[in-house]
Amino acid sequence: MTNSETELKEAVTAAFHSAAGEPPFDRVWQAAEERYRLSRRRYRSIAGIAAAAAVAVIVLNYQALRQDEMQFIEVAELLGTTSWESPSDVLLPERHNDLYERLPVLIESTEPAGGALL
């Protein structure tokens, strides 16, 4: 036999003898149940933390929304306190003629569905 064959034979023999000392089924089952309980406990704690964080975010957003509602400006209030003019208005000559006063008035038709009389 070669050196590698001898090493292989010794490794297989050692593995066979160590396999004889396997733990009984009950100990393996209890260890598996304990690992399962630990994973469930971790899952529940993570889920609880996530739910608490979600509730905190909702409460904070609701409070911010309520504060924003108080700060809205009414459109009528805004238009009543501000005025706007074009920057180029100072360059235009002042005219006091109303263009709409100089337009001719069309005589309306006496027929209900008719147009203007010309």
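## A quick tour of a four-helix model

Buried residues account for 0% of the 118 residues in the protein. Keep in mind as you click around that this is a predicted model.

**Start with the whole chain.** Colour by secondary structure and you get four helices and zero strands. Going from the N terminus, the order of elements reads α-α-α-α. Now switch on the surface: the protein exposes about 12000 Å², with 61% of that supplied by carbon and sulfur atoms.

**Next, colour by pLDDT.** The mean for the protein is 78, and 69% of its residues reach 70 or more. Where does the confidence peak, and where does it bottom out? Select helix α2 for the highest value, a mean of 88, then helix α4 (residues 99-102) for the lowest, a mean of 69. Where pLDDT is low, don't read the predicted coordinates in detail.

**Now zoom in on helix α2.** Select residues 25-70 to get the helix, then show the side chains of Glu34 and Arg37. What links these two side chains? Glu34 and Arg37 form a salt bridge, at 2.9 Å from N to O. Side chains of opposite charge can pair when their charged atoms come close. The positions in the helix fit: Glu34 and Arg37 sit three residues apart in α2, so about one helical turn separates them.

**Check the exposure of the pair.** Glu34 is partly exposed, at 34% relative accessibility. Arg37 is partly exposed as well, at 41%.

**Last stop.** How many salt bridges turn up when the whole structure is searched? The search finds one.

Technical notes: Residues are numbered from 1 along each chain as its sequence is written. This is a predicted model: local features need pLDDT of at least 70, side-chain atom pairs count only at pLDDT 80 or more; totals for chains, interfaces and linings use all residues. Side-chain values use heavy atoms; hydrogens and water are left out. A salt bridge is a side-chain nitrogen of Lys or Arg within 4 Å of a carboxyl oxygen of Asp or Glu. Helices (H or I, at least four residues) and strands (E, at least two) are DSSP runs, numbered from the N terminus. Buried means under 20% relative accessible area, exposed over 50%, partly exposed in between (1.4 Å probe, protein chains only). Accessible areas come from the Shrake-Rupley method with a 1.4 Å probe; for residues, only the protein chains shown count as cover. pLDDT is the predictor's confidence in each residue, from 0 to 100.
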